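Trainee: I should like to discuss how elements of this structure pack against one another. May we begin with the terms?

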Amino acid sequence: MTLSASLLRPTLMGAAAAIAIAVAAPLAAQDAAAPAAPAAEPAAPQFPLTPQGAKDFLAAVEADLGSFSVEYAHISWINATHITYDTDAMAAKYGADLTVKQVGYANEAARYARVSGLDPETARKLDMLRNSIGMPAPATPGAAEEMNDIATRLGSAYGRGKGTLNGQPINGSDIEAEMGNLERTPDELKEMWASWHDNVGGPMRADYTRMTGIANQGAKELGFADLGAMWRSGYDMSPDQFAAETERMWQEVKPLYIALHTYVRRKLNEKYGDAVQPRTGPIRADLLGNMWAQEWGNIYPLVAPAGAGDIGYDLTDLIAKKNLNAIGMTKVGEQFFSSLGFAPLPATFWERSQFTKPADREVVCHASAWNIDNVDDLRIKMCIKPNADDFTTIHHELGHNYYQRAYNKQDFLHLNGANDGFHEAIGDMIALSITPEYLVQIDMLDPKDVPSADKDIGLLLRQAMDKVAFLPFGLLLDRYRWGLFDGSIPEAQTNIGWNDLRREYQGVVPPVERPADGFDAGAKYHIPGNVSYTRYFLARLLQFQFYKAACDTAGWKGPLHRCSFYGNKDVGAKLNAMLEMGASKPWPDALEAFTGERQMSGKAMAEYFAPLKKWLDKQNKGEKAGW
């Protein structure tokens, strides 16, 4: 589940909290369908350009957005749980109204940010407002309208995009599924990969260059060096420091990724032969089960160690044996948090959430967690099925709900995670906690059926094929855009810059020659959709850092990947101390409250997968590591 600040389709916290994300997070994604507005007069009255005037301005902004957010939240919930022409129209109208507010407030915040003598908290909140727009437009007449027109056009082009399979057109969702179909031949995979990048990415290049040029100018008017610097400025450190921090974290987990890459490359070579996948060098991007080679889980059967599939139990079967329906599964998730000392969910949660798909109307089934009133009107929106995936997702989504409630006493601009990786990482940490030991503790698994240690490698490898394989892609997507925004990747070399980064970080290469001035990056939704990506990299690492901190507090002595901290009140107290801070303090303060550390780190992930790394190194003996 992705933390999103898309305001017309809030996918995690509901519109009320989604607005808080949008004005607090540096990389808030504007929905392509939302009309961008020209620089507008802020709704709040003008205040003098003095330190006190800046405080008064912020108080008025928070009051206005706080009130607006609750109304918008109700509209968005109705739209998500009852999709009609009219609910779409209402949601779109509120999204447009919010855009006008954001643009006006961001420009005003930039003026107040230049006032001397501001206290640190006022300066920090002004920065949050300056960063409230993912793609800022300059004050030039017509610039905002042109940028929005291009964004809408790019979004539509992506949505309509098609590749080909055996010469026949195939749409985006179908092509994603077929890229993970192990029955497809290398030639079919190559055709789908090339056609999708040619048909979808290539034609976007000129429009994308123009759109980001406009946004770059807008970022400069807000006081930033360029759009990339603006995106990196929301982490309580300088943009350059943040870039260096993410690179440091990558270096901590890079040996694990290289070991996985080397092993998977050998397995692909054994299946396809040297002519398709050489034994050394980079991996052909279309062979990894995913259009962008960002997660490799679809090809796990090709690389699985012998006997890895038999772990002694099936979670879906355990759910059936317990006769758990959607509400019952959610009650189990609530019980996890109650065991840590958190208060039960409010009665309204059970009355107002959407647990299953209604039979009489269209709804958004994509799982999400909401706080409608920014206090305790907590809800989840799912179409729960009695299976292992949804059981895990429920635990994940409730992690967001408990985070929302924990920080509900904060100022409006602080109703958010400590940085844009935290919220998602909390949900992911909870999902990691569904271990065999936990299932025994909640009486869903017989102790005699806990898988023996010889099953661990298969379980860890399957997890690594998604969680570890994703890391370099999660990092490079924004690094590529930073290069476009600051000019270090020239317009005439858009594809060279993209594929050079993919080779450097991922060790993958296209299956066919690519034009230097093409735009393969546009074939990934988050590029034309202007959705940030570094947050996903942060969340992948933070979830393990949080998990290890919980296990250390609980006094866990076994392998980290088998840890259960269910029922440990000390863990709950420390977790709540971090959650209740929201975004009120710089993220190192929040991190320290739970983990005792002030740096985000990949070391916990490396420890979690240490048994796998040892096994991979043994498998890779004699192989040439890296590319």
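Mentor: Contact means heavy atoms within 4.5 Å. Helices (H or I, at least four residues) and strands (E, at least two) are DSSP runs, numbered from the N terminus. The model is predicted, so local features need pLDDT of at least 70, side-chain atom pairs count only at pLDDT 80 or more, and totals for chains, interfaces and linings use all residues. Residues are numbered from 1 along each chain as its sequence is written, and side-chain values use heavy atoms, leaving out hydrogens and water.

Trainee: Which residues in helix 21 does helix 19 meet?

Mentor: Helix 19 covers residues 471–486 and helix 21 residues 534–553. From helix 19, Leu-471, Gly-474, Leu-475, Asp-478 and Trp-482 take part. Their partners in helix 21 are Thr-534, Phe-537, Arg-540 and Leu-541.

Trainee: Why are helix 19 and helix 21 roughly antiparallel to each other?

Mentor: Axes are lines fitted to C-alpha atoms, for helices over the stretch in contact, and angles run from 0 to 180 degrees between N-to-C directions. Angles under 35 degrees count as roughly parallel, over 145 as roughly antiparallel, 65 to 115 as roughly perpendicular and the rest as oblique. The axes of helix 19 and helix 21 lie 7 Å apart, at an angle of about 150°. Helix 19 and helix 21 are therefore roughly antiparallel.

Trainee: At what angle do the axes of helix 15 and helix 16 cross?

Mentor: Helix 15 spans residues 388–406 and helix 16 residues 422–432. Their axes come within 7 Å and cross at roughly 135°. That makes helix 15 oblique to helix 16, the angle being roughly 135°.
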